[in-house]
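Subject: A structure for you to explore

Hi there,

Here is the structure I promised to pass on to you. Have a look at it first, and then read my notes below.

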Amino acid sequence: MNMKTLLAASVASLCLSTAGSFAQDAQTVAQNDLLNATLWMQASVEHKAVTRGLFDLAKLRLDQALADKAWTATPNKEGAKYQDEPVAIIADLDETLLDNANYQASLIQRGTNFSSKEWTNYVNSQTSTAMPGAIDFLKYAASKGVKIFYVSNRTKDEEPGTRANMEKLGFPMGGNVDTVLSKKEQADWGSAKENRIAYVAKDYRVALLMGDNLGDFSDVAKGSVAERQAFYDKTKDNWGKTWIMFPNPEYGSWESAAFGGDWSKSGDERRKEKIEALKPWTPTH
Ligand SMILES: [Mg+2]
């Protein structure tokens, strides 16, 4: 082997070993669709800043609502005398008032997926934290005599652990009124929330709806992408006023809408449909 050939062989072998180590590194760090969203929710100050700002906005809107007896977040569900009723707020829990990023982080680090059984175990660990700004806002509302109803898809069986977690964090718990309205607590309370919202609106003037998912505002959440868009177009004046939406890039009905709500599809099928749901720019070169 002459010098030139030897050099070429060494370079080739170096390239191969480098390529090999890159491939190995890529294999040891599995891709996970939850990674960036969870990192943002748990570790970014950007998320904290957005959330705190939204609770400040909610406080301003609540002040407006208290000063204006005609103000309601649920005009189609109020009774004729709603203006004379006591004021309430309806808020979702998970990823609205409660931060469960440690659960999502656990799924990522263990390379596993959501399971309802493990979720109950998580709820009972009582390790959810309060969203930045949530407790100050809720205490302010309570100090004004406003009842806060927590309309959550945590189940009736998960309610004791949920209540204990919330009490530790300082949530106003409603005194002698049951303000934690869990899924399955009544026979017809499923995951769709509008009947629970109507249940509150029957006796209260609802100042604000607060959530991280379209389903916290309307049962149309389970509809198609087009139905959801049509609902948004129809209701866009509500957002940031009577309805406050919080950011949740980890999960939600927006995700399942992209693959027709069919969770029986494999992870790869769902990912393929999500990629196909994107509207790309096409390079011209
Ligand atoms: Mg939620």
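Let me start with something to look up: which residue in β5 does Val151 stand opposite? The partner is Leu181. I will come back to the strands around that pair in a moment.

Before that, please keep in mind that this is a predicted model. The average pLDDT of the chain is 93, and 91% of the residues score at least 70. One stretch needs care, though: over residues 11-22 the pLDDT stays under 50, and the model has 0 contacts for them beyond four places in sequence. Where pLDDT is low, the predicted coordinates should not be read in detail.

The sheet

An open sheet is built from 5 strands, and their order is β5-β4-β1-β6-β7, with parallel pairing. At the edges sit β5 (180-183) and β7 (243-245), each of which pairs on one side only. From one strand to the next, the twist averages 20°.

Two of the pairings are worth tracing on your screen. β4 and β5 run parallel and are joined by 4 bridges; this is where Val151 and Leu181 face each other. Strand β4 (residues 147-155) also pairs with strand β1 (residues 87-91), again in the parallel sense and over 4 bridges. Along that pairing, Ile90 stands opposite Phe149, and Ala91 has Tyr150 as its bridge partner.

Helices across the sheet

Helix α3 lies across β1, β6 (205-211) and β7, and runs at about 170° to β6. Helix α6 (residues 134-143) lies across β1, β4 and β6, with an angle of about 135° to β4.

Helices against helices

Two packed helices are described by the angle between their axes and the distance between the axes. Here are three pairs to try this on.

Helix α2 (residues 35-43) packs against helix α3 (residues 45-67) at an angle of about 65°, with the axes 5 Å apart. Their crossing is right-handed. On the α2 side, the residues that meet α3 are Trp40, Met41, Gln42 and Ala43, and they face Val45, Glu46, His47 and Lys48. Sorted by class, this contact has 4 nonpolar, 2 polar and 2 charged residues.

α2 has a second helix partner, α4: their axes come within 9 Å and cross at roughly 145°. This crossing is left-handed. From α2, the contact uses Leu35, Thr38 and Gln42, while α4 brings Ala101, Asn102, Gln104, Ala105 and Ile108. What classes of residue make up this contact? There are 4 nonpolar and 4 polar residues, and no charged ones. Notice that Gln42 is listed in the contact with α3 and also in the contact with α4.

The last pair is helix α4 (residues 101-110) with helix α5 (residues 116-125), whose axes come within 11 Å and cross at roughly 130°. The two helices are therefore oblique to each other, and the crossing is right-handed. Asn102, Tyr103, Leu107 and Arg110 of α4 make the contact with Glu118, Trp119 and Tyr122 of α5. By class, this contact has 4 nonpolar, 1 polar and 2 charged residues. Asn102 of α4 takes part here and also in the contact with α2.

Have fun looking around, and write back if anything is unclear.

Best wishes

Notes
Residues are numbered from 1 along each chain as its sequence is written. This is a predicted model: local features need pLDDT of at least 70, side-chain atom pairs count only at pLDDT 80 or more; totals for chains, interfaces and linings use all residues. Side-chain values use heavy atoms; hydrogens and water are left out. Axes are lines fitted to C-alpha atoms, for helices over the stretch in contact, and angles run from 0 to 180 degrees between N-to-C directions. Angles under 35 degrees count as roughly parallel, over 145 as roughly antiparallel, 65 to 115 as roughly perpendicular and the rest as oblique. A crossing is left-handed if the near helix is turned anticlockwise from the far one by less than a right angle, and right-handed if clockwise. Contact means heavy atoms within 4.5 Å. Ala, Val, Leu, Ile, Met, Phe, Trp, Tyr, Cys and Pro count as nonpolar, Asp, Glu, Lys and Arg as charged, and the others, Gly among them, as polar. pLDDT is the predictor's confidence in each residue, from 0 to 100. Two strands pair if DSSP finds at least two bridges between them.
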